[in-house]
Amino acid sequence: GCIYLKRLRCVEAEPVMLETTFVPNMNLPRFCTRPFVKGSLFETLGVNYSIEINKVEQDLRAVLADREVAALLKIKTGSPLLQIFLRFYTNREHMSIYSSLLCNTTRYSIGNKL
């Protein structure tokens with residue numbers, strides 16, 4: 001099975017990104033009962049389980065917000081969004097982490113450091 005995480009990211013209380021992440025539940029004892037280290041999934045995996053990200057693939061698409069996503073991001077249904085699919089490869093054989101980000105880039109840009 002997988003551990004499913006869904007998070008709404010905000011800038012100054014304004015929702016800008018809906019993030020959905022799937023982490024394989026492979027040898028992660030007490031993962032769901034421990035708080036995140038520094039509020040970070042990847043810090044938690046590194047500190048508590050010695051899992052490090054060593055490669056990332058991403059796919060970008062332009063999509064329109066459906067009713068559920070629009071309500072969460074406080075935008076109109078049909079508004080344009082940037083969708084980013086990510087596959088994080090780790091130092092554990094056969095363990096990849098998958099994320100889907102739906103980003104409202106109307107007021108803020110999206111950037112990352114890999």
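**Fold, cores and salt bridges of a predicted chain**

From the N terminus on, the elements of this predicted model follow the order β-β-α-β-α-β-β.

User: How many helices and how many strands does the chain have?
Analyst: The order of elements along the chain is β-β-α-β-α-β-β. Counted by type, these elements come to two helices and five strands.

User: What are the dimensions of the box that the C-alpha atoms fill, taken along the principal axes?
Analyst: The chain has 114 residues, of which 35% count as buried. Its accessible surface comes to about 7500 Å², and carbon and sulfur atoms hold 53% of that area. Along the principal axes, the C-alpha atoms fill a box of roughly 40 × 25 × 25 Å.

User: Among contacts between residues at least 6 apart in sequence, what percentage joins residues at least 24 apart?
Analyst: One example of a distant pairing is the salt bridge of Glu14 and Arg107, which ties together parts that are 93 residues apart in sequence. For the chain, the share of these contacts that join residues at least 24 apart is 48%.

User: Which residues have the most contacts inside the largest nonpolar core?
Analyst: In soluble globular proteins, nonpolar side chains tend to be buried together. The largest nonpolar core here has 17 residues. Strand 2, helix 1 (41-49), strand 4 and strand 5 each supply at least two residues of this core. Those with the most contacts inside the core are Val23, Leu28, Phe31, Leu45, Tyr49, Ile51 and Leu101.

User: How many residues form the second, separate core?
Analyst: Apart from the 17-residue core, there is another set that includes Val69, Ala70, Leu73 and Leu81. The size of this second core is seven residues.

User: Is Gln83 buried or exposed?
Analyst: Gln83 lies in strand 4, which covers residues 80-90. Beyond its sequence neighbours up to four places away, Gln83 touches Asp59, Leu60, Arg61, Val63, Ser100, Leu101 and Leu102. The relative accessible area of Gln83 is 14%. Since the limit for burial is under 20%, Gln83 is buried.

User: Which residue makes a side-chain polar contact of 3.4 Å with Gln83?
Analyst: The partner lies in strand 5 (residues 96-103) and, at 18% relative accessibility, counts as buried. Not counting residues up to four places away, its contacts include Leu18, Glu19 and Thr20 as well as Gln83, Ile84 and Phe85. The side chain joined to Gln83 by this polar contact belongs to Ser100.

User: Which residues does Leu101 touch, not counting those up to four places away in sequence?
Analyst: Leu101 is one of the residues with the most contacts inside the largest nonpolar core. Gln83, itself in strand 4, is among its partners. The complete list for Leu101 is Met17, Leu18, Glu19, Leu82, Gln83, Ile84 and Leu86.

User: What distance separates the C-alpha atoms of Leu5 and Phe22?
Analyst: Leu5 is found in strand 1 (residues 2-11), and Phe22 in strand 2 (residues 14-24). Contacts of Leu5 include Glu19, Thr20, Thr21 and Val23. Leu5 and Phe22 are 17 residues apart along the chain, and their C-alpha atoms are separated by 6.4 Å.

User: What is the area of the nonpolar surface patch made by Tyr4, Phe22 and Tyr98?
Analyst: Membership of a patch requires over 30% relative accessible area. Phe22 has 36% and is partly exposed. Together with Tyr4 and Tyr98, Phe22 makes a nonpolar patch of about 310 Å².

User: Which residue forms a salt bridge with Glu14?
Analyst: Glu14 lies in strand 2, and its partner in the segment after strand 5, so the pair ties together parts 93 residues apart in sequence. Glu14 is partly exposed at 21% relative accessible area, whereas the partner is exposed at 58%. The N to O distance is 2.8 Å, and the partner is Arg107.

User: How many salt bridges does the structure hold?
Analyst: Asp59 pairs with Arg61 at 2.8 Å between the closest N and O atoms, and Glu57 pairs with Lys55 at 3.9 Å. Arg7, Arg9 and Glu19 are linked in a network of salt bridges. For the structure, the total of salt bridges is six.

Technical notes:
Residues are numbered from 1 along each chain as its sequence is written. This is a predicted model: local features need pLDDT of at least 70, side-chain atom pairs count only at pLDDT 80 or more; totals for chains, interfaces and linings use all residues. Side-chain values use heavy atoms; hydrogens and water are left out. Patches are made of residues with over 30% relative accessible area and no salt bridge: like charges are joined within 9 Å, nonpolar side chains (Val, Leu, Ile, Met, Phe, Trp, Tyr) within 5 Å. Accessible areas come from the Shrake-Rupley method with a 1.4 Å probe; for residues, only the protein chains shown count as cover. A salt bridge is a side-chain nitrogen of Lys or Arg within 4 Å of a carboxyl oxygen of Asp or Glu. Helices (H or I, at least four residues) and strands (E, at least two) are DSSP runs, numbered from the N terminus. Buried means under 20% relative accessible area, exposed over 50%, partly exposed in between (1.4 Å probe, protein chains only). A polar contact is a pair of N or O atoms within 3.5 Å; within protein, one must be able to donate a hydrogen and the other to accept it, and residues adjacent in sequence count only if both atoms are side-chain atoms. Contact means heavy atoms within 4.5 Å. A nonpolar core is a set of buried Ala, Val, Leu, Ile, Met, Phe, Trp, Tyr and Cys residues joined through side-chain atoms within 4.5 Å.
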